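Visitor: I am new to this structure and would be grateful for a guided introduction. Where might we begin?

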Amino acid sequence: MANVFRSLVILPLLFVASYAQFWLRPDAYEFFNKKKILGPHELFNNPFGDAQDYLRKKIDNDFGTQPLPKSANPSHPSFFGLPNEPKGSWELVSVNSGVSAMHAILLPKVDKVLMYDATIWKKSEIRLPAGHCRLLNKTTGEKDCFCHSVLFDIATTAITPLQLHTDTWCSSGGLSIDGNLVGTGGFQGGAKTVRYLETCKGCNWREFPTALADRRWYSTQAELPDGGFIVVGGRDAFSYEYIPREGRSNAKSYFFDFLKKTSDKDENNLYPFVHLSTDGNLFIFANDRAVLLNPKSNKVVRELPALPGGHRNYPATGMSVLLPIKLHSKNNRVIPAEVLVCGGSGHRDAYTQASKDIFYTALEDCGRIRITDKKPAWKREVMPSPRVMGDMMILPTGDVLLLNGAQRGCSGWGFAREPNFGPAIYHPKAKLGNRFRELKASTIPRMYHSSSVVLPDGKILVAGSNTNNGYVYNAMFPTELRVEKFLPPYLDPSVIGRRPVIIADKAPNQIGYNNLFKLYIKSKALKVEKKDIQVTMYAPAFTTHGVSMNQRLLDLGLEDVITENAFLGIHAITAVSPPSGRVAPPGYYMLFVVHQGVPSVSSWVQIK
Ligand SMILES: [Cu+2]
């Protein structure tokens, strides 16, 4: 019996312990980061097959990016597609974010970006305040005095340290109805944790390490129509569960066969893409397949067609958004919802091969599907460049920005090459084949563990990138602490004159469902017409590992736009709030008024 105990329990523990010892040793970093020589993929011209072969195959609905037609006629009042369209620009705003921003989200009301990585490295570039430390080992007295999560002030770039007690490595998150962060999972003691952070001054993390039934490492958290959350998947977790009330623990999870079926040798189905559809079902995409799950009955209500071309989820990390939801003052019973999935890897074994110095070219294609159709079908289109580990952010105008990531390889320590420096913009309303444009490139590689945040002024905060096991600076791609802002084309000096200003003291702080509400704007334009105005509401994304959880843009129905005072340039807009929690879960949104393709600075509004 003792022998059985030893072989079943102690030996595996010893093995795990010695393995962990090795890869936590400082010199292990060098092993993982040493400059790798070119593999046979580069040297012998793809003996394993070309990842781009699928592009040459004839597939229905396969359109490349077409050159601009001579008389480009944009389908909405924007400058997209016009000659001399601006390409955007970059600003470097900070050289030290304290922690490398593996996870990032804008917190409502306080306008600070929460950034964090992991406690496992016991290291960052900021210490806990006032000599605070975390005791790691009672016997040895080992301590960690570094801070692993910060609030980044978007106006001043000042950072406020916060103290984490559980490991948030590769975890997930979202915002509660009251605009507080609810985070789930992570590594070791963090894997079953649910953690909360309020935005009050001096507030710190509250952590509940036994709240979840299963370990959630690389899982996705998604908001439900009532403001609650589901947590889906994760390494060795073929299940999902709903976040319990604070302080409670889940007794068990729901087994989810779909995750078991979509897992392969390299996994390729972690951090699944989960989007709440307008009918209350959850669109869940893993590897190359998708289903609609009803979170009330816990039944898969529909299997969608597979997306051909390759593998889209971690470590073959692609990107996905729920495209902007177009609302009207009177909506039909079915409100169309469309999903876009881009990039990833054409090779099932991209991760295994990257460990042998073979870095496959990433996928260059996207699939788009209307998930509320009776017979949904993917339509394929091609990006300007291959991209793996990118971020896909919905802009206040309803266009989609693709940025960060690499052109070859996949997620993992040092498993990617050729950073994709250039963002691309995708205009969902343009004709198929004419939707993408390349924008101004950055100079900073942002690969594994980078993140992006849409800000109230319409800029995009871009941070992080750490393809190293720890804070390592003598690597091919050093741990990145610099923070940039990308200014999309709508902030170009040539068009910024169109920008409206929301009159803040007349804007609503709270709205209900299906209500008329009024907004007042100030504009330099002599005449503001209804056809030139959009009112949009953006739910902040929790961005990590190429997944932007709970990102959502609503393009509201408008009743009218009336000039109140032509002399002062004041105009009144009457808009209709979203019809239900299925379309727009309760919580905080950034409210933008867009005039001729240029968004205002947003104002926060809570749907309750
Ligand atoms: Cu990770």
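**A guided tour**

Visitor: Does tyrosine 116 count as buried or exposed?

Guide: The answer rests on a count of C-beta atoms placed from the backbone: 20 or more others within 10 Å make a residue buried, 12 or fewer make it exposed, and values in between make it partly exposed. Tyrosine 116 has 31 C-beta neighbours inside 10 Å, and therefore it counts as buried.

Visitor: From which number are the residues counted?

Guide: This is a predicted model, in which local features need pLDDT (the predictor's confidence in each residue, from 0 to 100) of at least 70, side-chain atom pairs count only at pLDDT 80 or more, and totals for chains, interfaces and linings use all residues. Along each chain, as its sequence is written, the residues are numbered from 1.

Visitor: What is the average pLDDT of the protein?

Guide: A pLDDT of at least 70 is reached by 87% of the residues, and the protein average is 88. Over residues 1-77, however, the pLDDT is below 50, although this stretch has 69 contacts in the model beyond near neighbours in sequence. A contact here is a pair of residues whose C-beta atoms, placed from the backbone, lie within 7 Å. The average asked for is 88.

Visitor: How many strands does the protein have?

Guide: Helices (H or I, at least four residues) and strands (E, at least two) are DSSP runs numbered from the N terminus. The protein has six helices, and its strands number 46.

Visitor: In which strand is tyrosine 116 found?

Guide: Outside the residues up to four places away in sequence, tyrosine 116 touches Val99, Met102, His103, His148, Ser149, Leu164 and Thr168. To histidine 103, 13 residues away along the chain, the C-alpha separation is 5.4 Å. The strand of tyrosine 116 covers residues 112-116 and is E4.

Visitor: Which strand gives the most to the largest nonpolar core?

Guide: A nonpolar core is a set of buried Ala, Val, Leu, Ile, Met, Phe, Trp, Tyr and Cys residues joined through C-beta atoms within 7 Å. The largest one has 132 residues, and those with the most contacts inside it include Val113, Leu114 and Met115. Domain 1 (53-491) and domain 2 (496-607), with bounds from an automatic or database domain assignment, each supply at least three residues to this core. With seven residues, the strand that gives the most to it is E44.

Visitor: How many residues of strand E38 are buried?

Guide: On one side of E38 lie Ile533, Val535, Met537 and Ala539, on the other Gln534, Thr536 and Tyr538, and all are buried. In a regular strand, side chains alternate between the two faces of the sheet. Strand E38 (residues 533-539) is largely enclosed by the rest of the structure, because its buried residues number seven of seven.

Visitor: Which residue of E44 stands opposite threonine 536?

Guide: E38 and strand E44 (residues 587-595) run antiparallel and are joined by six bridges; two strands pair if DSSP finds at least two bridges between them. E38 is also joined to strand E41 (residues 552-555) by four bridges, again antiparallel, and there methionine 537 stands opposite leucine 554. In E44, threonine 536 faces phenylalanine 592.

Visitor: Which strands stand at the edges of the open sheet that contains E18 and E19?

Guide: Four strands make up this open sheet, in the order E17-E18-E19-E20, with antiparallel pairing. An edge strand has a single partner, so one side of it is left without a neighbour in the sheet; here these are E17 (273-276) and E20 (299-304).

Visitor: Which residue is the bridge partner of leucine 282 in E19?

Guide: Strands E18 (residues 282-286) and E19 (residues 289-294) run antiparallel, with five bridges between them. Leucine 282 has its partner in E19, namely leucine 293.

Visitor: How far apart in space are asparagine 287 and asparagine 269, C-alpha to C-alpha?

Guide: Asparagine 287 is found in the loop between E18 and E19. It counts as buried because it has 27 C-beta neighbours inside 10 Å. Beyond its neighbours within four places in sequence, its contacts include Thr262, Asn269 and His311. Asparagine 287 and asparagine 269 are 18 residues apart in sequence, and their C-alpha distance is 4.6 Å.

Visitor: What share of the 608 residues counts as buried?

Guide: Among contacts with a separation of 6 or more, residues 24 or more positions apart account for 63%. Of the 608 residues, the buried share is 51%.

Note on methods:
Two residues are in contact if their C-beta atoms, placed from the backbone, lie within 7 Å.
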